[in-house]
Amino acid sequence: QVQLVESGGGLVQAGGSLRLSCAASRFIGTINAMGWYRQAPGKQRELVAAISRGGSTNYADSVKGRFTISRDNAKNTVYLPMSSLKPADTAVYYCNTHPPTTWGQGTQVTVSA
C-alpha cells in the first residue's frame with residue numbers, strides 16, 4: 001500500500017497562491033487515479049481534484065479555473081497549485097488514491113480575508 005506525505009500548506013491572504021505537493025513511497029505510475037481532497041472544520045471530506053493515469057483531470061466546481069492537479073510519475077509526486085485562494089478554501093488538504101485508501105496527515109491551508 002502506498003504511503004503519501006502532503007506538504008506545501010500554510011497561511012495566505014485571499015487572492016494568494018500556494019502549491020501543494022504529495023510525495024509517494026512507491027512508484028505511482030501504475031495507480032489509476034490520484035486525487036486531492038479537503039476537509040474544512042465541521043464539514044465532510046470532499047474530492048477537490050483528480051487525475052487519471054493518462055492525465056485526464058476533473059475538478060470540483062468550486063475550484064475549477066483556480067486549482068490545477070498534475071502528477072509526475074518519475075518523481076512519484078502529485079501536485080496541486082492553487083491560485084485566487086478564498087477563505088472558503090480553508091481546510092486540511094489530503095492526497096490519496098482515487099478512490100481513497102489510507103489517509104495521511106494532510107496539510108493545513110488557511111486563507112485569511
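How many helices and how many strands does the secondary structure of the protein chain come to? The count is 0 helices and 10 strands. Keep in mind throughout the tour that this is a predicted model.

**Stop 1: the whole chain**

Show the protein chain as a cartoon. Read from the N terminus, its elements run β-β-β-β-β-β-β-β-β-β. The radius of gyration is 13 Å, close to the 13 Å that the globule rule gives for 113 residues, so the chain is as compact as a globular protein of that length. Along the principal axes, the C-alpha atoms fill a box of roughly 40 × 25 × 20 Å. Of the 113 residues in the chain, 44% are buried.

**Stop 2: the six-stranded sheet**

Next, select β2, β10, β9, β4, β5 and β6. In that order they make up an open sheet of 6 strands with mixed pairing. Which strands stand at the edges? They are β2 (10–13) and β6 (57–59); each has a single partner strand, so one side of each is left without a neighbour in the sheet. Ignoring direction, neighbouring strands of this sheet are turned by 20° against each other on average. As background, strands of a sheet pair through backbone hydrogen bonds, either parallel or antiparallel.

**Stop 3: two hairpins in that sheet**

Select β4 (residues 33–39) together with β5; these strands run antiparallel and are joined by 6 bridges. One place to look is Ala33, whose bridge partner in β5 is Ser52. The two strands form a hairpin with 6 residues between them. Click on Gly42 in the turn: its phi is positive, about 75°.

Now move on to β5 (residues 46–52) and β6. They too are antiparallel, with 3 bridges between them. Ile51 stands opposite Thr57 in β6, and Ala49 has Tyr59 of β6 as its bridge partner. In the hairpin of β5 and β6, 4 residues lie between the strands, and Gly55 takes a positive phi near 100°.

**Stop 4: strand β1 and its partner**

Select residues 4–7, which are strand β1, and show the side chains. Which of them are buried? The side chains alternate along the strand: Leu4 and Glu6 point to one face and are buried, while Val5 and Ser7 point to the other and are not. Strand β1 pairs with β3 in the antiparallel sense, over 4 bridges. In β3, Glu6 has Cys22 as its bridge partner, and Cys22 leads to the next stop.

**Stop 5: the disulfide**

Show Cys22 and Cys95 as sticks. How many disulfides does the count come to? It comes to 1 disulfide. This disulfide joins Cys22 to Cys95, with a distance of 2.2 Å from S to S. Cys22 lies in strand β3 (residues 18–24) and Cys95 in strand β9 (residues 91–97), so the pair ties together parts that are 73 residues apart in sequence. In general, a disulfide is a covalent bond between the sulfur atoms of two cysteines. The torsion about the S-S bond of Cys22 and Cys95 is about -75°, so the disulfide is left-handed.

Are the cysteines buried or exposed? Buried means under 20% relative accessible area. Cys22 has 0% relative accessibility, so it counts as buried. Cys95 also has a relative accessible area of 0% and is buried.

**Stop 6: the aromatic cluster**

Finally, select Tyr37, Tyr94 and Trp103, which ring pairs link into a cluster. A search of the whole structure finds 2 aromatic pairs. One of them is Tyr37 with Trp103, an edge-to-face pair with 5.0 Å from centre to centre and 90° between the planes. This pair links distant parts of the chain: Tyr37 is in strand β4 and Trp103 in the loop between β9 and β10 (107–112), 66 residues apart. The rings of Tyr94 and Trp103 have their centres 5.6 Å apart and their planes at 75°, so this pair is edge-to-face as well.

Colour the three residues by accessibility. Tyr37 is buried, at 5% relative accessible area, and Tyr94 is buried at 11%. Trp103, at 32%, counts as partly exposed.

Add Arg45 to the selection. Arg45 lies over the face of Tyr94, at 4.2 Å from the ring centre. Arg45 also lies over the face of Trp103, at 4.0 Å from that ring centre.

Conventions: Residues are numbered from 1 along each chain as its sequence is written. This is a predicted model: local features need pLDDT of at least 70, side-chain atom pairs count only at pLDDT 80 or more; totals for chains, interfaces and linings use all residues. Side-chain values use heavy atoms; hydrogens and water are left out. Two strands pair if DSSP finds at least two bridges between them. Axes are lines fitted to C-alpha atoms, for helices over the stretch in contact, and angles run from 0 to 180 degrees between N-to-C directions. A disulfide is a pair of cysteine sulfur atoms within 2.5 Å. Buried means under 20% relative accessible area, exposed over 50%, partly exposed in between (1.4 Å probe, protein chains only). Rings of Phe, Tyr and Trp (its six-membered ring) pair if their centres lie within 6.5 Å; planes under 30 degrees apart count as stacked, over 60 as edge-to-face and the rest as tilted. A charge sits over a ring if NZ of Lys or CZ of Arg is within 6 Å of the ring centre and within 35 degrees of the ring normal. The radius of gyration is taken over C-alpha atoms; the globule rule is 2.2 Å times the number of residues to the power 0.38.
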